Amino acid sequence: MARGKAAGGNGGKPVTLAMVAQRAGVSAQTVSNALNSPGLLAGETLERVRRAIADLDYRPSQAARSLRTRSSRLIGYGLAPTPPTISTFVADRFLHALSDSADRAGYRVLLFAAPFGTEDEQERYDQLVRDHSVDAFVLSNTHRGDRRPGWLAKWEIPYVAFGRSWAARDAGDWVDVDGAHGTSEAVDHLVAAGHRRIGLLGWPRGSGVGDDRARGWREAMERHDLPVRGLRRFAEDDAKAAQEAVAPLLDNGNGVTAVVAVSDTLALGVYRALRERGRTPGTDVAVVGFDDSPAAALLSPSLSSLHQPLEEVGRACTRLLVNRIENPRADPQQLLLAPELVARESSAPHPGERSERPEPHPDPRPDAHPAPRPDPE
């Protein structure tokens, strides 16, 4: 028998469906119909049952409702172990927005450990499905060769991804931040500030997100008729690795006056490398990061960075996922959101360029997303 929340007028004991039926003078089945199929009841009867429910403050348990509907109202979200970096807060902001919007839609987010890119990862998803613990999933950390979207689609399990799967054949629902648009905007900002040699410090090739951000830098540089050869370096998302990787851009006569980093963690490495050489970020070499982490505003000088609309991403993921649950055969929805450049002290005009600042070439197609082209270097 379904039990509800304890009522104040019932001595602290849980209110049962039978108690509601007795109060309303109807059968237990009639109360069940009022909760699950109100259209079956006459208006007067339905009103009497609802009044009894309100008087007793009866709330049917979620467990009992799940047994009847085979719906848990839970959304699974797998957490992969990640090293602590400045960029870790991106996941925190997204998860908070997702949880809040899911709660408003009548769902809860169930967190579970999911070892990234291993056989155990898919087993965790499979176990949750077999135990009927969740109704759907939100995926993150999407990557090339990601098997989760295909597996979930095969078994007709609703999902939405924060991030493209980077597979041309994938037709699932996803919401992503347009990294190429962001780094392109960073280049435009630096060109307007008088910079001509703008380097990129990116992640190693093969990362969908990293390659996308690198593409935006390259295409913006080409649009402004600026050189790219020899101006791109790679590092894992670690400040010390970034400090070492960016050195060739700062030494050997490369003469870069600005560096676009694909994360704030990498930008911090650029800061360290400049100070190691007795140079000042923002004054000697401009720096732009990506993520607009809390540290960006606290660094000295404060770091210009691209702000991701993570609250909007979280709400959009919930909206698309609920639509998929309610309309399994609906056409896939894919949403690409633009980040916003937050300009601070680190991207001030270079002193040697202020007198002869070139006019930036506007992007004739600001909303276009051309197919990636091979790097010329």
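# Close-up views of a predicted model

**View 1. The face of helix H3 that is turned away from its buried side carries the exposed residues Gly43, Glu44 and Ala54.** The model shown here and in the views that follow is predicted. Helix H3 runs over residues 43-56, and its end C-alpha atoms are 20 Å apart, which agrees with the 20 Å that its 14 residues should span at 1.5 Å a residue. Leu46, Val49, Ala52, Ile53 and Leu56 are the buried residues to be noted in H3; they lie on the same side of the helix because they cover an arc of only 125° around its axis. As a general point, an α-helix has 3.6 residues a turn, so residues three or four places apart point the same way. Just after H3, Asp57 takes a positive phi of about 55°.

**View 2. Six strands form an open sheet in the order E4-E3-E5-E6-E7-E13, with parallel pairing.** Strand E4 (108-113) and strand E13 (334-337) are the edge strands, each of them pairing on one side only. From one strand to the next, the twist averages 20°. Helix H5 (residues 89-104) packs on this sheet and touches strand E3 (74-79), E4, strand E5 (136-139) and E6, while its direction makes about 140° with that of E4.

**View 3. Strand E6 is joined to E5 by three bridges and to strand E7 by two.** The strands E5 and E6 run parallel, and Phe137 has Tyr159 of E6 as its bridge partner. E6 (residues 159-162) also runs parallel to E7 (residues 174-177), where Val175 is the bridge partner of Phe162. Tyr159 and Ala161 point one way from E6, whereas Val160 and Phe162 point the other way, and all of these residues are buried.

**View 4. Helix H8 has 14 residues and reaches 20 Å from its first C-alpha to its last, close to the 20 Å expected at 1.5 Å a residue.** Within H8, the residues Gly179, Ala180, Gly182, Thr183, Ser184, Ala186, Val187, Leu190 and Val191 are buried. The buried residues of this helix pack against E7, strand E8 (198-202), H9, E10, E11 and strand E12 (304-307). Just after H8, Gly194 takes a positive phi of about 100°.

**View 5. His195 has its place in the loop between H8 and E8.** With a relative accessible area of 0%, His195 is buried, since this value falls under the 20% cut-off. Its C-alpha atom is separated by 6.7 Å from that of Ala258, although the two residues are 63 residues apart along the chain. Neighbours within four places in sequence being left aside, His195 is in contact with Leu190, Leu226, Thr257, Ala258, Ala286, Ala348, Pro349 and His350.

**View 6. Arg223 and Asp188 form a salt bridge in which the closest N and O atoms are 2.6 Å apart.** Because Arg223 lies in helix H9 (residues 208-223) and Asp188 in helix H8 (residues 179-192), the pair ties together parts that are 35 residues apart in sequence. Asp188 is partly exposed, with a relative accessible area of 25%. A search of the whole structure finds 17 salt bridges, of which further examples appear in the two views below.

**View 7. Arg164, Asp176, Asp212, Arg215 and Glu219 are linked in a network of salt bridges.** One pair in this group is that of Arg215 with Glu219, whose closest N and O atoms are 3.5 Å apart. Both residues of the pair lie in helix H9, four residues apart, which is about one turn of the helix. Arg215 counts as buried at 8% relative accessibility, and Glu219 is buried as well, with a relative accessible area of 15%.

**View 8. Arg277 forms a salt bridge with Asp251, the closest N and O atoms lying 2.8 Å apart.** This pair links distant parts of the chain, 26 residues apart, with Arg277 in the loop between helix H12 (264-276) and strand E11 (286-291) and Asp251 in the loop between helix H11 (247-250) and strand E10 (258-261). Arg277 is partly exposed, with a relative accessible area of 27%, and Asp251 is likewise partly exposed, its relative accessible area being 26%.

Conventions. Residues are numbered from 1 along each chain as its sequence is written. This is a predicted model: local features need pLDDT of at least 70, side-chain atom pairs count only at pLDDT 80 or more; totals for chains, interfaces and linings use all residues. Side-chain values use heavy atoms; hydrogens and water are left out. Two strands pair if DSSP finds at least two bridges between them. Axes are lines fitted to C-alpha atoms, for helices over the stretch in contact, and angles run from 0 to 180 degrees between N-to-C directions. Contact means heavy atoms within 4.5 Å. A salt bridge is a side-chain nitrogen of Lys or Arg within 4 Å of a carboxyl oxygen of Asp or Glu. Buried means under 20% relative accessible area, exposed over 50%, partly exposed in between (1.4 Å probe, protein chains only). The expected span of a helix is 1.5 Å times one less than its number of residues. The arc is that of the directions from the helix axis to the C-beta atoms.
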